[in-house]
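User: Please take one strand of this model and follow it closely, from its pairing to the spaces it lines and on to the other parts that can be described alongside it. Please give the cut-offs for each term as it arises.

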Amino acid sequence: MRISLLSSLGLILLLLACNNSNKTGRAQPSDTSTTVNDTSATNNQSALELVYLDSTYQLTGVAKEEGGYMWVNYPRWSDSYRYGVVHVTGTNSREPYPDSVMNKWQAGQPGTNKWVCVQSVYVDDSSRLWVLDPAAPKMKNVTGGGAKLVRINKSTGFPERTYSFKGIIPDSAYVNDIRVDVQRNYAYLTESKGGGLIVIDLNTGKMRRLLSSHYSVKSDTTFYFVIDGQELMKDGRPVKINSDGIALTPDYAWLYYKPLTDNKLYRIRTEDLRNASLTDTALASKVEDLGHFTTTDGMIFDKAGNLYLGDLQNYSIVRIDKNHKMTTLVKDQRLLWPDSYAIGDGYLYITCSQIHKQPEYNNGVNKRTSPYAVYRIKL
């Protein structure tokens, strides 16, 4: 009887161990988790501090000036729209930037000198403010020739130079995010519809679209992007968004990038992207596949070389160190599609755009129940 009891206890312990092992294994397609090498998840909700909210209009991007202004942008993705770019003046207050006129583009007007559908705002390491306008209302075609990158003169608040994408991308494209190398004065951008990287010599204005046919800029068609227990769908088909998030290492030597709707991460040396003598095949051979990490929208490096990303499926923010070891900083149900990032004043700033709550991804039903928001975490 004693031997039988000991054997039963041993069997129970073995079953419990096996069950626990299954929980920590690699996520299957039906799981909501994609953090396959996460080593220290936490539920430190107190780390998340509300900075700004908007109860009505959907925001995506944030830019933070050291010791100064914060800007937020709003894409023209629906009929509920007011501003393209705002200067944040309080937790729930803002003013159009640089003024109301530039924020009042109307259909049929040229899009070259007004905000048409702003996707990103960014402050570089020289404190220059950049505004990226794909000019594609409701994520359709480029309108009014308005797809552009704009550098703002912060003294006047108005554009000091505009880089038009006309002739570089098709009207079906959607430029998405930007990073700037202030040492060499180059900009790197992602295009998220067809997929690809855009490199701009900011001195000459010369642009090149690169890797547009490479697998690294394409979302994996076999990946199940599951959020809130169901695959993200639109018009009866799985949503696939190509190259989106982008980040430069602090020394500007490497560009990290990834498609949005899978968990792969890639990088390439910036010197190779600037080398116009490389053929498409030669450039493609320079891409490094770093493996599986998480599904994120934007991402950003800090000065110590840590890379911050969202985990869209698990309402989390993660950090990847120099050795490509990933840990979870915070998991919080308020992180409703962490979208874009900025670092300033010792904080990581995070926008929550709630994209998965939009009607087009929920059979016409708007599932948003809380304001759009910007949070920050102390680094």
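Analyst: **Strand S10 and its surroundings**

Strand S10 (175-181) pairs in the antiparallel sense with strand S11 (residues 186-191), and 6 bridges join the two. The model is predicted, so that local features need pLDDT of at least 70 and side-chain atom pairs 80 or more, while totals for chains, interfaces and linings use all residues. Residues are numbered from 1 along each chain as its sequence is written, and side-chain values use heavy atoms, with hydrogens and water left out.

Strands here are DSSP runs of E with at least two residues, numbered from the N terminus, and two of them pair if DSSP finds at least two bridges between them. Within the S10 and S11 pairing, Asp 177 has Thr 190 of S11 as its bridge partner. The sheet that contains this pairing is open and antiparallel, with 4 strands in the order S10-S11-S12-S13. S10 and S13 are the edges of that sheet; each has a single partner strand, so one side of each is left without a neighbour in the sheet.

S10 also takes part in lining an enclosed space. A cavity is a set of points on a 1 Å grid over the protein atoms alone where a 1.4 Å probe fits but cannot get out; a pocket is an open set with protein on both sides within 12 Å along at least five of seven lines, and lining residues have an atom within 4 Å of a point. The structure holds 1 cavity of 30 Å³ or more, and the largest cavity contains about 70 Å³ of space, a volume being that filled by probe spheres set on points joined across faces, edges and corners. Its lining includes Asp 177, Ile 178 and Arg 179, together with Gly 61, Val 62, Ser 120, Val 121, Tyr 122, Ser 340 and Tyr 341. Asp 177 thus appears both as the bridge partner of Thr 190 and in the lining of the largest cavity. By strand, S2, S6, S10 and S26 each supply at least two residues of this lining.

The largest pocket, with a volume of about 460 Å³, also draws on S10. Strand S2 (61-64), strand S6 (120-123), S10, strand S18 (243-248), S22 and strand S26 (338-344) each give at least two residues to its lining. That lining comprises 24 residues, and those nearest the pocket centre are Val 123, Asp 125, Phe 301, Lys 303 and Ile 343.

Phe 301 leads to a second sheet, since in addition to lying near the pocket centre, Phe 301 stands opposite Leu 307 in S23. S22 and strand S23 (residues 307-311) are joined by 3 bridges in the antiparallel sense. They belong to an open, antiparallel sheet of 4 strands in the order S22-S23-S24-S25. At its edges are strand S22 (299-301) and strand S25 (326-331), each of which pairs on one side only.

The aromatic side chains form a further theme. A search of the whole structure finds 8 aromatic pairs. One of them joins Tyr 69 and Trp 71: their ring centres are 5.6 Å apart and their planes at 70°, so the pair is edge-to-face. (Rings of Phe, Tyr and Trp, the last by its six-membered ring, pair within 6.5 Å between centres; planes under 30 degrees apart are stacked, over 60 edge-to-face, the rest tilted.) Trp 71 is buried at 0% relative accessible area, whereas Tyr 69 is partly exposed at 39%; buried means under 20%, exposed over 50%, partly exposed in between, for a 1.4 Å probe and protein chains only.

Tyr 215 and Tyr 266 form another edge-to-face pair, 5.9 Å centre to centre with 65° between the planes. Tyr 215 lies in the loop between strand S13 (207-210) and strand S14 (226-227), and Tyr 266 in strand S20 (residues 264-269), so the pair ties together parts that are 51 residues apart in sequence. S13, which precedes that loop, is the edge strand opposite S10 in the order of the S10 sheet. Tyr 215 is partly exposed at 48% relative accessibility, while Tyr 266 is buried at 4%.

Ring pairs also link Tyr 69, Trp 71 and Tyr 97 into a cluster. Trp 71 has His 87 in S4 as its bridge partner, within the antiparallel pairing of strand S3 (residues 70-73) and strand S4 (residues 85-90) over 3 bridges. S4 is in turn joined to strand S5 (residues 93-96) by 4 antiparallel bridges, with Val 88 opposite Arg 94. S4 and S5 form a hairpin with 2 residues between them.
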